[in-house]
Amino acid sequence: MAVPENITKAAAVNASLDQEFIKNFKGDSDRLAEILGIFGVERIAAGTALKMLKVTGTLNNSKTDATTTLPGTGTFSLGSSSGTAYVEGDEVALSTFGTEWETVGEVVAKPYRKMTTAAAIQKAGYANAVLKTDAKMLSLIRADIIKEFFTFLDKGTGTATGNGLQAAAANVDAKLGDTLEKNGDASTRIIHFINREDAAAYLGAAPITTQNVFGLTYLENFLGMTSVILTSQVAKGKMYATPAENIHIFGIDFAELAQGGLTYTQSANGLIGVAHAPAYDHVSTETNVLTGMLLFPEVKDYIVKGTIGDAVAAASVRAKASK
């Protein structure tokens with residue numbers, strides 16, 4: 001018997017599932033980029049070294065250098081040891097600024113694979129069985145991307161402490177603001193990352209609108225912080241803050257893989273590729289995923305790690321001291 005015309009074949013269903021997976025991932029990643037204020041993905045080749053930047057500088061306005069180390073980043077020279085100021089018409093002394101790079105890894109494409117058995121497909125139907133396990137796989141891939149991002153955040157050089165979440169946030173912002181100012185930089189928006197438990201008491205006491213994006217909880221204008229992301233990736237009692245401008249999203253080029261016979265349905269920006277295919281040796285259907293998405297905070301001086309002290313204990317100590 002001839003195959004009916006216009007029949008929906010397995011290849012068409014696989015292509016549809018590929019597109020569904022990409023659509024779901026892209027919707028989440030686009031929303032995260034919007035929240036972080038990132039309007040473009042930077043494509044780089046797999047194997048490219050990842051380097052975090054430290055800014056250093058020496059500012060000099062006299063013939064004789066007198067170098068003074070100031071709090072924050074960089075070393076600055078302010079005049080001469082004898083206090084000799086610049087003489088009109090004289091040659092202006094050179095001020096030196098530079099960057100120090102620390103290699104923290106390489107850009108790699110991360111492969112993932114799962115199988116949905118024939119029994120599961122027969123029980124729930126092909127699309128349902130594969131889609132449900134795809135959704136779980138997608139959520140775990142997102143979590144893996146976020147986990148890697150926080151390993152980079154932990155390399156930040158700034159530190160601050162405050163008794164209670166609000167005080168800690170204020171001190172973190174002050175530290176970050178001083179660092180930006182000393183380097184002649186500024187930020188339009190600071191992103192804060194805190195643990196949900198640290199925010200719980202405040203969230204229960206005020207009407208706050210939250211959004212869920214990329215497995216994270218996002219809220220705005222919370223305790224004076226413009227943009228806050230709640231996540232279990234931050235330990236209780238800790239917090240991170242960095243300018244939105246310091247966070248980059250990298251993607252990889254899938255073109256070379258296609259030349260080697262590895263053809264994926266991919267997002268337009270190189271963040272992820274997906275291919276569904278039969279696995280006859282296991283009587284299953286495979287979902288193959290390759291991610292190139294990387295969230296990267298480039299300047300480690302512009303990352304401040306905060307410690308949240310016990311506000312109740314601190315208040316008790318102050319009360320006793322006042323008696």
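**Note on sheets, helices and confidence**

1. M239 has G306 as its bridge partner in β18, and that pairing belongs to the antiparallel contact between β12 and strand β18 (residues 304-309), which runs over four bridges. Here two strands are said to pair if DSSP finds at least two bridges between them, and the element names follow DSSP runs numbered from the N terminus, with helices being H or I runs of at least four residues and strands being E runs of at least two.

2. The structure is a predicted model, in which local features need pLDDT of at least 70 and side-chain atom pairs count only at pLDDT 80 or more, whereas totals for chains, interfaces and linings use all residues. Residues are numbered from 1 along each chain as its sequence is written, and side-chain values use heavy atoms, with hydrogens and water left out.

3. Confidence should be read before the details: pLDDT, the predictor's confidence in each residue on a scale from 0 to 100, has a mean of 82 over the chain, and 80% of the residues reach 70 or more. Among the elements of the chain, β12 has the highest mean pLDDT (97), while strand β4 (residues 75-77) has the lowest (37).

4. Two stretches call for caution. Over residues 64-83 pLDDT stays under 50, and for this stretch the model has 47 contacts beyond four places in sequence, a contact being heavy atoms within 4.5 Å. Over residues 314-319 pLDDT likewise stays under 50, and there the model has two contacts beyond four places in sequence.

5. β12 is one strand of an open sheet of seven strands, ordered β7-β18-β12-β8-β11-β10-β9, with mixed pairing. The edge strands of this sheet, each pairing on one side only, are β7 (158-163) and β9 (210-213), and the twist from one strand to the next averages 25 degrees. The angles in this note run from 0 to 180 degrees between N-to-C directions, where they concern axes, which are lines fitted to C-alpha atoms (for helices, over the stretch in contact).

6. How far is β12 enclosed by the rest of the structure? Five of the six residues of this strand (residues 238-243) are buried, so β12 is largely enclosed; buried means under 20% relative accessible area, exposed means over 50%, and partly exposed lies in between, with a 1.4 Å probe and protein chains only. Besides β18, β12 pairs with strand β8 (residues 190-194) in the antiparallel sense over five bridges, and in that pairing I194 stands opposite M239.

7. Elsewhere in this sheet, β10 and β11 pair in the antiparallel sense over five bridges, with L230 in β11 as the bridge partner of T217. In the loop between β10 (216-222) and β11 (225-230) lies L223, a residue other than glycine whose phi is positive, near 55 degrees. L223 counts as partly exposed, because its relative accessibility is 22%.

8. Helix α4 packs on the seven-stranded sheet, touching β7, β8, β10, β11, β12 and β18, and its direction makes about 150 degrees with that of β7. The 18 residues of α4 (residues 165-182) should span 26 Å at 1.5 Å a residue, which agrees with the 26 Å between its end C-alpha atoms; the expected span is 1.5 Å times one less than the number of residues. In α4, L165, A168, A169, V172, L176, T179 and L180 are buried. These residues cover an arc of only 100 degrees around the axis, which puts them on the same side of α4, the arc being that of the directions from the helix axis to the C-beta atoms. Just after α4, G184 takes a positive phi of about 70 degrees.

9. A second arrangement is an open sheet of four strands, in the order β6-β16-β15-β14, with antiparallel pairing. β6 (110-117) and β14 (265-266) are the edge strands, each pairing on one side only. β14 pairs with strand β15 (residues 272-279) over two bridges, and T265 stands opposite V274 in β15. Within the loop between β15 and β16 lies V283, which has a positive phi of about 50 degrees although it is not a glycine, and which counts as exposed because its relative accessibility is 54%.

10. Helix α3 (residues 126-153) lies across β6, β15 and β16 (284-291), running at about 155 degrees to β6. L138 is found in α3 and is buried, with a relative accessible area of 5%. Leaving aside residues up to four places away in sequence, L138 touches F21, N24 and F25; the C-alpha atoms of L138 and N24 are separated by 8.4 Å, although these residues are 114 residues apart along the chain.
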